[in-house]
Amino acid sequence: MLELTVRQVRMGQVAADKASALRLVAQALHEDGWVSPGYLDGLQAREAQGSTFLGQGIAIPHGTPQTRDQVLSTGVCLLQFPEGVEWGPDQQVYLAIGIAAESDEHLHLLQILTRALGETDLAEALRQADSAEALVQVLHASPEALRLDPGLIGLGEAAEDFDELVWRGARLLRRGGCVDNGFAAVLQQVEALPLGEGLWWLHSEQQVRQPGLAFVTPARPLRHLGQPLLGLFCLASRGEAHRALLERLCEVLIAGHGQALGLAQDRQQVMQALGGEALPDWPTAQVRLANAHGLHARPAQQLAQLAKGFDGEIRVRLEDGPAVSAKSLSKLLSLGARAGQMLEFLAEPGIAAEALPALVAAVAQGLGEAVEALAALPGVLAVAACAASLSAPQVGQVLPAIVAAPGFAMGPVYAPRPPIFDFPLRGASDLEERQALQRALDQVRGDLQGLIARSEAEAIRAIFATHLEMLEDPALLEEAHRGIAQGQSAAAAWGEVVEAAALHQASLGDALLAERAADLRDLGRRVLAELCGLGQTAEPEQPYILVMDEVGPSDVARLDPRRVAGILTARGGATAHSAIVARALGIPALVGAGPLVLQLNTGDSVLLDGQRGRWVFQPDAQTLAQAERARERRASLLQSAMAQRFEPARTLDGHRLEVCANLGDSADAVRAVELGAEGVGLLRTEFLFMAHAQAPDLAIQEAHYRQVFDGLQGRPLVVRTLDVGGDKPLPYWPIPVEANPYLGLRGIRLCLQRPELLETQLRALLRAADNRPLRIMFPMVGGLDEWRQARDMVLRLRAEIPLQDLQLGIMVEVPSAALLAHQLAREVDFFSIGTNDLTQYCLAIDRDHPILSAQADGLHPAVLQLIDMTVRAAHAQGKWVGVCGELAADPLAVPLLVGLGVDELSLAIPGIAEVKARIRTLNLAACQGLARRALGLENAAAVRTLVEEQG
């Protein structure tokens, strides 16, 4: 944690203007070893975006997110300018605090500074300070305020005795950021002071971060040392911050109102009695902060400026924390808000309807910084005063959702409620609780190993292998043991640790990582169920539609596909692990349908249309009959397609396409051939790397690839080299947290930084081929330089390991690759278009975004134009083009891809026969005309309508 010390101070500096001062700041940061010399550019760029003047003679120059790569380590330097520096109009600076921050460690420093800004004569004191010690003392001189707010009040707590009530009070202080984890143990050693009328008092100065007072009452009256226990004050004390509160409390007790505090039913009553500020009964709205580095100066400045545009009072607070003015930059900085924390806005009723949505939208969009939505955190906007509670959908209502696994499903709803884990907060003994936790972990470990052994699909095995890795995480176990040592029960310690880790995962600003937080919670629930002795809920005997907020992978894997007709969830995306498991089990699934599905009750009737991405509540007989006919037609077509699966995919007028399989498991190659694949168009090699605790060596990789070649029996194999990065991290290849992993170190960019790893993979592929047809393609190539580096490595190895039938190509996933297709086509042997990434990069929409994902449609005319551009460039050089994204399996996309001239389609194994059959019904000339019309349309919806109308 950053602090202000005399070692960081440079006294008596002189600068003619702000530019000169910035050069001195950059030089000081560099000399102290915090930054590289180029950090000055970041300081200047930041000032161009907006002044870093904080007030009271202080400026806080710091770099932009784009120059964080210049930061060697987080640190600060303090430069005193006794003669002052003009920072802007009416902005005179006597102290410049240069900040070099790798993430959000500097937020605590800003809290210190904003407390100091309450001093009216601070600027003059900074100017006159004659030593480093005096200057630092000026900054620390402002007394800390005692935190007293509704978030530190717990009424009706389920406590069985005095010790448990102490633990709950300490937990409120810890959640409020006032104390460290050891504060509860400290309080247990302190002698409690009876105040009379059933009230008790405890306090300590140890393990305190910020002065704060918690007040807790038990759900039922207790006794302690033979006296009534109606309420307990837990004070985290430091300095004189609590003196005024003690005086107020004495007045309450002398007036005989102490018992009323112990019996209070409303936190605002307690606040008023103790002299704290009660929150006004104004409309509110909540939103989670998505900025990777928290509410630092720049986004806080943006928020303050927006709030000032409304003619009325607006306050903001961290969840259950003190509310401050949203129009004050210093007050906003004093919150110290970090990524993933919930901000709650309160606005006067007269401006709330306009102000609250604007403020929430601004925070969700990053307040001027590029952010990713926190997809695993529902409810971006919740206007408490005016939002109507959700009601059940109307009979026959048709509602949209995201297709996670295709197919039709209909039947009664089964909506199991989340399990209620009832456990004591305090443990029996350290040894017993550790043993209980270990038994639960061992049981879950065995269950996971059993799921891996029983699962036929590699996708499922890989997911639960990841869960095993999570279970073995020493950091989780260490934190849980620390909680047990402080007196928590095994269940309380484990639950708290897992939830904190999941919240951190969800706050990293990336949708895919946020979805992985669901895996962590899923694992946490499994262990808690063991600790609490909860058995599995019995599912209905008849086929049903499973409806949940979010389905964990282990929930899906335990389901019986013969009884689960389909899955419908409020949250989740098409790449969530639960969606992957559903596809592997062949269960139709719709996800991301929104909170309305949570209003469904067990027994309600629903229809899932996994072809069009929609569901129907209480469908009538006619709708059900139509769906049944559609399902029967599809079943008949699939049966016919399976009978002809080995026939080539040739249009009615003789145009030939290859249809291949996307694979993640080497063992699936045989199955792909059996289901009609003419080769493998995409072998995802990252699954092999994810399944090992360390990078697989040459022998392991060669055996894996050789199994695929053997299964293909001479058919071509297209291999994508390792495609991992910030969005798909490997546990043994740590990558610094990136503000936007999708735009960071991924694919070939990352592998070129570890050429030895890429070289091992290429060597294994060449050795495994044994003169069988091998096609190697590199992911995330954005230009010629990356392509040439990768190509040259292969050619060098090919001289050592000769291979006759070898082609080298790239994935077209980045728009720049499509735009440079004419240049790249002269050098590559083929292109394979990854429409999933190409779509999200082209449209600037995360395909897993909880709100925008439906708009990330690969049939958008802009995406189709990039495909057209790529195909034309390749064919001009006599090269072939494949499509290996989800678009290749989309029935509406197939005729367009045929018309655009794509030569190969590669998709998941179950859809191969169906796509080949679809191609046999098409006419090339008609498809070409259809594609030309689609390229000129306005949006994806118009394209889909066009294709549907053409049949």
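Here are two short exercises on a helix and a strand, with worked solutions.

This is a predicted model, where local features need pLDDT of at least 70, side-chain atom pairs count only at pLDDT 80 or more, and totals for chains, interfaces and linings use all residues. Residues are numbered from 1 along each chain as its sequence is written, and side-chain values use heavy atoms, leaving out hydrogens and water.

**Exercise 1.** Work out what span helix 13 should have, and find where helix 13 bends.

*Solution.* Helices (H or I, at least four residues) and strands (E, at least two) are DSSP runs, numbered from the N terminus. The recipe for the expected span is 1.5 Å times one less than the number of residues. Helix 13 covers residues 349-364, so its 16 residues should span 22 Å, and the end C-alpha atoms agree at 22 Å apart. Next, the bend (the angle between axes fitted to the seven residues ending at a residue and the seven starting there): helix 13 turns by about 40 degrees at Ala-355, with Pro-357 following within four residues. Just past the helix, Gly-366 has a positive phi of about 105 degrees.

**Exercise 2.** Decide how enclosed strand 9 is, and find its partners.

*Solution.* Start with burial: buried means under 20% relative accessible area, exposed over 50%, partly exposed in between (1.4 Å probe, protein chains only). Seven of the seven residues in strand 9 (residues 212-218) are buried, so the strand is largely enclosed by the rest of the structure. Now the pairing, which takes at least two DSSP bridges between two strands. Strand 6 (residues 153-157) runs parallel to strand 9, joined by three bridges, and Glu-157 sits opposite Pro-218. Strand 12 (residues 231-236) pairs antiparallel with strand 9 over five bridges, putting Val-216 opposite Leu-232.
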